[in-house]
Amino acid sequence: MTIPNPALSALATASTPPTPSALASKVPAADATLRVLSLLAGQRAPLPAARIAAELDLPRSTTYDLLSVLVEHGYVLHLAQERRYAIGPSAYEVAAGYARHAPLARVGRRVVERLVDATGESGHLASLSGSDVLYIVEERAKGRTSLVTDIGVRLPAHLTATGRAMLAQLTPAQLRTLHSGREELLRRTDAPSPATPRQLRELLRQVRADGVAWESGEVTEGFRSVAAAVLDQAGWPVAAVALTWEEHRVDEEQAQHLADRVREAAGEIARMVSGRRAG
């Protein structure tokens with residue numbers, strides 16, 4: 001007859017990893033908060049609180065409490081007139097943090113390198129960080145002039161091709177949190193650029209129609225860029241890939257060819273990162 005050893009039994013129990021459900025039972029508020037964020041992040045349209053509660057099997061009172069905290073910290077937007085909730089700009093800060101780390105940067109660098117080799121123009125990859133773009137990959141073509149878009153550099157998203165490509169994929173409510181009211185938008189050069197949020201929205205409508213975003217002399221005089229957004233499974237922009245060149249060297253037909261190559265590169269990165277095609 002085998003006599004159970006209490007010490008061994010305790011050791012076996014202690015060495016067994018806790019299941020997700022066990023962890024959730026220890027920190028239910030954290031579990032519920034992350035589930036709310038995951039649900040909203042996977043939606044293309046805002047949701048009412050009642051739908052969130054039903055989808056996640058949460059009490060309505062708990063759902064409203066969680067949403068209030070998330071709204072206060074900017075992770076969720078409350079669209080009061082619609083009585084709905086959407087993912088907020090602080091969540092994009094977290095996404096930008098992820099983008100700066102190995103997976104997207106490693107995948108993106110290989111694709112951008114091939115894009116630069118194929119076109120002979122300088123390329124880069126950027127992610128959204130609030131109302132700015134943050135450059136996470138920069139590849140200068142041989143013999144080309146150095147650009148301001150170095151790794152770690154931030155620029156106003158509304159001025160850059162990469163920023164416009166990503167902003168065009170956001171909802172109107174998300175755009176309002178980044179550029180609300182009638183304030184005058186920042187400019188870097190004398191080149192024509194959107195001066196108000198309304199003009200920016202009109203420009204972004206054209207970006208959505210074209211599938212790429214353009215910028216001519218608005219970041220650096222004499223240079224032009226084209227960019228395409230890299231979308232995740234839910235259609236949110238996780239990054240944008242772009243090419244930049246001196247305007248006088250490239251005619252419009254060549255520019256359209258570069259735009260096609262940028263679309264292809266964005267699609268390749270999207271497939272590798274999330275199985276999603278480009279915007």
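How many bridges join strand 1 to strand 2, and which way do the two strands run? Four bridges join strand 1 (residues 76-79) to strand 2 (residues 84-87), and the pair runs antiparallel. This is a predicted model.

**The hairpin**

One of the paired positions links L79 to R84, its bridge partner in strand 2. Four residues sit between the strands of this hairpin. R83 belongs to that loop. Its phi is positive, near 55°, although R83 is a residue other than glycine. R83 is exposed, with a relative accessible area of 68%.

**The chain as a whole**

The protein chain holds 11 helices and eight strands. It has 279 residues, of which 47% count as buried. Among contacts with a separation of 6 or more, 58% join residues 24 or more positions apart.

**The open sheet**

Six strands build an open sheet. Their order is 5-4-3-8-7-6, and the pairing is antiparallel. Strand 5 (154-156) and strand 6 (213-216) stand at the edges. Each has a single partner strand, so one side of each is left without a neighbour in the sheet. From one strand to the next, the twist averages 30°. Strands of a sheet pair through backbone hydrogen bonds.

Strand 7 (residues 223-231) and strand 8 (residues 237-246) are joined by nine bridges and run antiparallel. Within this pair, V226 stands opposite L243 of strand 8.

Which helix lies across strand 3, strand 6, strand 7 and strand 8? Helix 11 (residues 252-274) does, running at about 30° to strand 7.

**The cavities**

The structure holds seven cavities of 30 Å³ or more. The largest cavity has about 120 Å³ of space. Its lining counts 16 residues, and the closest to its centre are T149, E215, V219, S225 and T244. Which elements each supply at least two residues of that lining? They are helix 8 (161-167), strand 7 and strand 8. By class, the lining has eight nonpolar, seven polar and one charged residues.

**Three loop residues**

R140, D57 and R83 are found in loops, with these accessibilities.

| Residue | Loop | Relative accessible area |
|---|---|---|
| R140 | between strand 4 (132-139) and strand 5 | 45%, partly exposed |
| D57 | between helix 4 (49-56) and helix 5 (60-72) | 71%, exposed |
| R83 | between strand 1 and strand 2 | 68%, exposed |

Why does D57 count as exposed? The cut-off for exposed is over 50% relative accessible area, and D57 has 71%. R140, at 45%, is partly exposed, because that class lies between under 20% for buried and over 50% for exposed.

Like R83, D57 has a backbone angle worth a look. Phi of D57 is near 55°, a positive value in a residue other than glycine.

R140 has contacts beyond its sequence neighbours. Leaving aside those within four places in sequence, R140 is in contact with V116, S122, T145 and S146. What separates the C-alpha atoms of R140 and T244? The distance is 9.4 Å, while the two residues stand 104 residues apart along the chain. T244 has appeared above, among the residues closest to the centre of the largest cavity.

Note on methods
Residues numbered from 1 in each chain as written. Predicted model: local features only at pLDDT ≥ 70, side-chain atom pairs only at ≥ 80, totals over all residues. Heavy atoms only, no water. Pairing = 2+ DSSP bridges. Axes fitted to C-alpha atoms, helices over the stretch in contact; angles between N-to-C directions. Contact = heavy atoms within 4.5 Å. 1 Å grid on protein atoms, 1.4 Å probe; cavity = no way out; pocket = protein on both sides within 12 Å on 5 of 7 lines; lining within 4 Å. Points joined across faces, edges and corners; volume = space filled by probe spheres on them. Nonpolar A, V, L, I, M, F, W, Y, C, P; charged D, E, K, R; others polar. Buried < 20%, exposed > 50% of the residue type's maximum accessible area, 1.4 Å probe, protein only.
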